[in-house]
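These are my notebook entries on a multi-chain model. I looked up the contacts between chains and then the fold of one chain.

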Amino acid sequence: MKSKIVWIQGVTCNGNSHSFLNYQNLDIFLKKVEFLYHPLLPSKYSLKELSEKRFDFDILIVEGAIKKSYERGIVSLNTLMEKLSIKARKIIALGTCAAFGGVFKSYDEKNIKGLIFDGEEKKGFFKELEKKVINIPGCPAHPEWLIYVLNMIEAKKKILLDDFLRPKEIYAFTVHSGCVRNEYFEWKVDAKSFGVKEGCLFYEQGCQAPYTHGSCNKILWNEVNSKTRAGMPCLGCTEPTFLKEELFKTKTYMSIPANMPLGVPKRAYLTITGVAKSFKIERLNKRLIDES
Amino acid sequence: MRVELIEKIEGEAKLEYRFKQDKIDFVKIVFPHYRGIEEILRNRPVWDALAINPRVCGICGHAHLFATVRAIENLYQNAGIDVNIAEKAKLIREITLFCEHIQNHLKWIYLVIVPIMKSIAKINIDQNSFLEIQKAIVNINRVLAIFSGQWPHSSYMVPGGVVCDPTHLDILQARNFLKNALNIVERRVFENIVFEEITVAELEKSKTDSGKIFRFLKENSLLSIGKANDRYLIFGEHSFTKRVKIIKTVSYPVKMKYVNEKSQKSGFAKNVTYKSNYYETGPLARMMLLKPNLIKQLHRAYKDGISTRIFARIAEISFLFKIVEEHLNSIELSQKSYNHIKTDIKEGYGESAVEAARGSLIHKIWVEKNIIKKYEIITPTQWNLSNGTPQKPATAQKAMIGLKNGKLAELVFRTFDICSVCTTH
Amino acid sequence: MAKGSRKEKRKIEIMDTALKLFSKNGFYTVTIADIAKELEMSVGNIYNYFSSKDALAKELIMYISKILGSNIRQINMEKISAKEKIEKIVRFYFSMAKERPELIDYFLRVYLSHREVFKDGCEGMICVSPFVTEIMIFFEEGVKNGELREQDFFSAFGLFMGYLGGMVYLKGEGMLPNDLDFYINSISENIYRALKNEE
């Protein structure tokens with residue numbers, strides 16, 4: 001029997017819905033599931049019916065942050081959530097807004113939160129649902145991440161989660177792993193400006209990839225690229241701290257990056273950095289592709 | 001008064017109808033949400049707007065990024081700072097913007113227009129046709145991502161250019177993905193590469209979904225419903241658009257200072273007028289400027305009725321495919337992607353306009369000591385869906401007044417390709 | 001080599017003796033044979049510890065850097081203000097200059113003056129990393145807690161260490177009218193004022 005899914009939205013931009021439509025095997029996937037409601041795709045019920053009708057289903061996907069009074073269809077988001085969350089076997093908080101509050105949180109800190117988390121604290125509006133919830137943060141979340149979780153749920157396999165309820169198979173990696181600029185990070189060669197394929201963006205341009213959990217450089221975006229590969233600093237969008245301030249400039253204290261690569265003690269990092277910087281690797285200090 | 005909830009328009013809206021003698025006498029458009037993007041931007045460093053603004057909208061975030069980068073560049077220029085964008089960066093910015101338009105328009109046909117048509121009468125377009133088109137969307141977004149890193153929600157345009165540094169290999173891949181997408185679109189949506197130049201008679205005979213949509217409208221006598229004010233506005237300047245208003249097919253220059261945004265009593269969307277008049281913006285406006293044969297003929301026969309509006313959007317797909325291809329062919333990779341510019345601003349103002357998929361998008365930024373003091377966004381849907389009075393109805397209102405029932409009104413409403421999240425930023 | 005082993009002790013003995021001789025007679029004048037003689041060891045035996053004079057020279061700078069680094073690390077770990085740390089670092093540096101002048105002397109007169117000896121294997125920070133890392137951490141923490149001003153690392157490093165090195169150099173040249181201790185307070189104050197956050 002097909003899994004029945006209800007996909008609803010809180011305070012959102014629809015980014016996760018559109019990211020989902022980028023899934024390259026959507027046709028195959030849709031043969032296995034039935035959307036009782038989806039914000040974009042044709043689905044069985046209307047928003048009105050969703051709050052009026054009685055029905056059973058398996059998985060609730062919540063996209064967007066929770067603001068209790070937010071109107072959704074003919075009822076408040078809170079009413080809709082209360083009804084659906086009881087019936088759902090599993091709940092997926094899809095995207096950083098649903099997981100932690102996200103971008104829109106800073107407009108109304110007290111009233112906009114994630115399902116289980118409010119930023120880094122377990123103070124979301126539906127924290128009693130913790131056992132049912134899996135967070136798939138990201139602004140937006142990658143479609144493959146969602147499909148993986150749905151598949152695991154369907155196969156009744158255990159999904160190992162980290163402290164922020166994120167599946168480890170996706171978030172145990174850092175966004176840094178797999179970035180094509182890794183050599184420049186190893187030898188501490190910074191990107192001299194935007195718009196070049198050479199150099200690491202961690203030192204000047206604000207890249208948060210070395211301390212951001214995510215598989216962006218492992219499971220590529222749109223199957224072809226990632227922000228950091230293209231030359232854009234990682235904004236740390238899978239973390240509860242998203243969105244920080246001054247995103248295109250590395251925060252430093254006396255030229256030393258304020259944030260260390262994940263799990264690396266400062267002394268260890270500075271020792272290695274000092275040593276690495278002592279060598280000028282010619283290949284990494286010129287254009288990769290030139291006429292010479 | 002009868003209230004209808006309209007959903008799956010990137011969120012929801014409510015239509016409050018007033019009927020008189022079995023006809024819609026007046027209709028009010030209400031958007032229920034507000035997300036406070038303009039407040040979120042306040043007191044943040046200028047460049048943070050590049051990260052925040054794409055998040056206004058999941059389907060046209062790229063247009064918001066483009067508008068942001070132009071507004072910031074305008075801010076620097078107004079402060080006497082030299083802003084020099086290489087031709088290469090300009091082309092890349094347009095490629096990604098136009099790819100976003102294409103994927104938007106394709107989703108609109110199959111997820112917005114065809115479903116509402118199906119609810120009115122029989123139309124011979126398979127429920128699963130979207131799944132075929134979705135493969136084209138996947139490919140188009142790959143073209144985008146080759147330059148922007150990902151879609152949705154990239155911030156790869158920065159003041160001074162773009163952050164990417166593509167190779168010939170990247171361009172080749174982009175061309176192939178574009179071709180894959182076009183192959184699917186030509187199989188389903190229109191078979192002719194110069195679709196926008198065909199005649200109405202040819203359209204009527206077409207075996208593609210475009211032909212089916214045309215015949216559906218004709219058989220159900222819907223070709224000329226949904227006429228609005230036949231006044232158009234384009235603010236975003238791109239390789240094929242300029243800043244004009246078009247009245248009775250004649251273009252006149254326009255100035256930003258005559259744009260007026262005003263709060264409404266109900267709902268959170270703000271009204272927008274140009275010199276106190278309501279205008280239509282979007283693909284129909286752009287095609288009225290370009291005047292390809294198909295749109296010229298449709299307009300002659302049905303004015304700005306839904307058939308002209310619908311086929312303007314479809315014609316634009318065909319047109320944009322060609323521009324993206326041309327741009328890909330003319331990028332000079334040896335040029336710089338990014339020119340560093342001084343970014344220190346004591347006090348200043350910047351404004352910009354771009355053509356988003358749904359029409360003209362305007363951003364305005366006020367800065368003090370490198371910090372955003374105020375930010376204003378006017379979205380295309382605000383232009384099209386403002387609320388006027390029964391004496392002076394705004395664009396979409398005018399198009400719905402006089403119709404017999406809510407279903408037809410909803411069809412007309414959806415031809416404007418509503419974006420609720422944008423409107424309620 | 002196990003720490004505290006007989007061989008390790010002997011190695012340290014050789015390094016301490018070499019430092020004293022270099023300081024007294026100059027780096028280029030002193031030969032491995034001179035060091036062997038002073039220690040009543042055979043030349044061949046010294047070569048069991050250091051393959052060449054250059055190798056010895058490199059080990060020496062790492063040895064000194066570790067001593068300086070571990071002492072500054074102790075200061076860094078204390079829960080005191082950056083201002084107090086500056087004073088402690090200055091005091092420590094001057095006490096080293098007084099009690100083991102050969103260490104600072106080697107740093108200033110050999111390592112910084114004869115770069116040709118150190119060009120292979122001691123480039124940049126490699127041999128002074130323990131010391132520089134601790135200074136980095138001192139600065140980083142000071143800026144992070146708002147006590148010190150954000151600025152380029154080397155501008156601050158040069159101001160701090162150049163100043164101290166310069167004073168020790170002047171002292172060594174017999175140009176200072178007073179003992180180094182006399183200057184601790186005023187120098188600490190000067191360094192603090194130059195680095196502090198004025199906002």
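How many residues does the contact take from chain A and from chain B? I found 62 residues from chain A and 60 residues from chain B. I note at the outset that the model is predicted.

**Entry 1: chain A and chain B**

I looked up the buried area next and obtained about 5,100 Å² between chain A and chain B, with 59% of that area given by carbon and sulfur atoms. On the chain A side, the residues that lose the most area to chain B are H18(A), Y107(A) and F248(A), which together account for 12% of what that side buries.

I then turned to the polar terms. Between chain A and chain B I counted six salt bridges. For one pair I recorded the geometry: the side chains of E71(A) and K14(B) form a salt bridge at 2.9 Å, N to O. The rule for polar contact finds 36 residue pairs across this interface, both residues being at pLDDT 80 or more.

I asked which elements of chain A supply at least two residues each to the side that touches chain B. My list reads α1 (15–20), α2 (26–32), α3 (47–52), β4 (71–72) and α9 (227–230). Sorted by class, that side has 31 nonpolar, 19 polar and 12 charged residues.

**Entry 2: chain A and chain C**

I repeated the look-up for chain C, where the contact takes 14 residues from chain A and 22 residues from chain C. The buried area is about 1,700 Å², and carbon and sulfur atoms give 64% of it. In chain A, Y253(A), M254(A) and R267(A) lose the most area to chain C, together 46% of what that side buries.

I counted two salt bridges between chain A and chain C. The side chains of K266(A) and E140(C) meet in a salt bridge at 2.6 Å, N to O. I also counted seven residue pairs in polar contact, both at pLDDT 80 or more.

On the side of chain A that touches chain C, β8 (252–253), β9 (256–257) and α10 (266–277) each supply at least two residues. The largest share, six residues, comes from α10(A). By class I recorded seven nonpolar, five polar and two charged residues on that side.

**Entry 3: chain A by itself**

I assigned 10 helices and nine strands to chain A. Its C-alpha atoms fill a box of roughly 70 × 40 × 30 Å along the principal axes. I compared the radius of gyration of chain A, 21 Å, with the value near 19 Å for a compact globule of 292 residues, and the two agree. Of the 292 residues of chain A, 63% count as buried. Among contacts in chain A between residues at least 6 apart in sequence, I found that 67% join residues at least 24 apart.

How values were computed. Residues are numbered from 1 along each chain as its sequence is written. Chains are lettered from A and ligands numbered from 1 in the order in which they are written. Side-chain values use heavy atoms; hydrogens and water are left out. Contact means heavy atoms within 4.5 Å. Buried area is the accessible area (1.4 Å probe) that two parts lose on being put together, summed over both. A salt bridge is a side-chain nitrogen of Lys or Arg within 4 Å of a carboxyl oxygen of Asp or Glu. A polar contact is a pair of N or O atoms within 3.5 Å; within protein, one must be able to donate a hydrogen and the other to accept it, and residues adjacent in sequence count only if both atoms are side-chain atoms. Helices (H or I, at least four residues) and strands (E, at least two) are DSSP runs, numbered from the N terminus. Ala, Val, Leu, Ile, Met, Phe, Trp, Tyr, Cys and Pro count as nonpolar, Asp, Glu, Lys and Arg as charged, and the others, Gly among them, as polar. The radius of gyration is taken over C-alpha atoms; the globule rule is 2.2 Å times the number of residues to the power 0.38. Buried means under 20% relative accessible area, exposed over 50%, partly exposed in between (1.4 Å probe, protein chains only).
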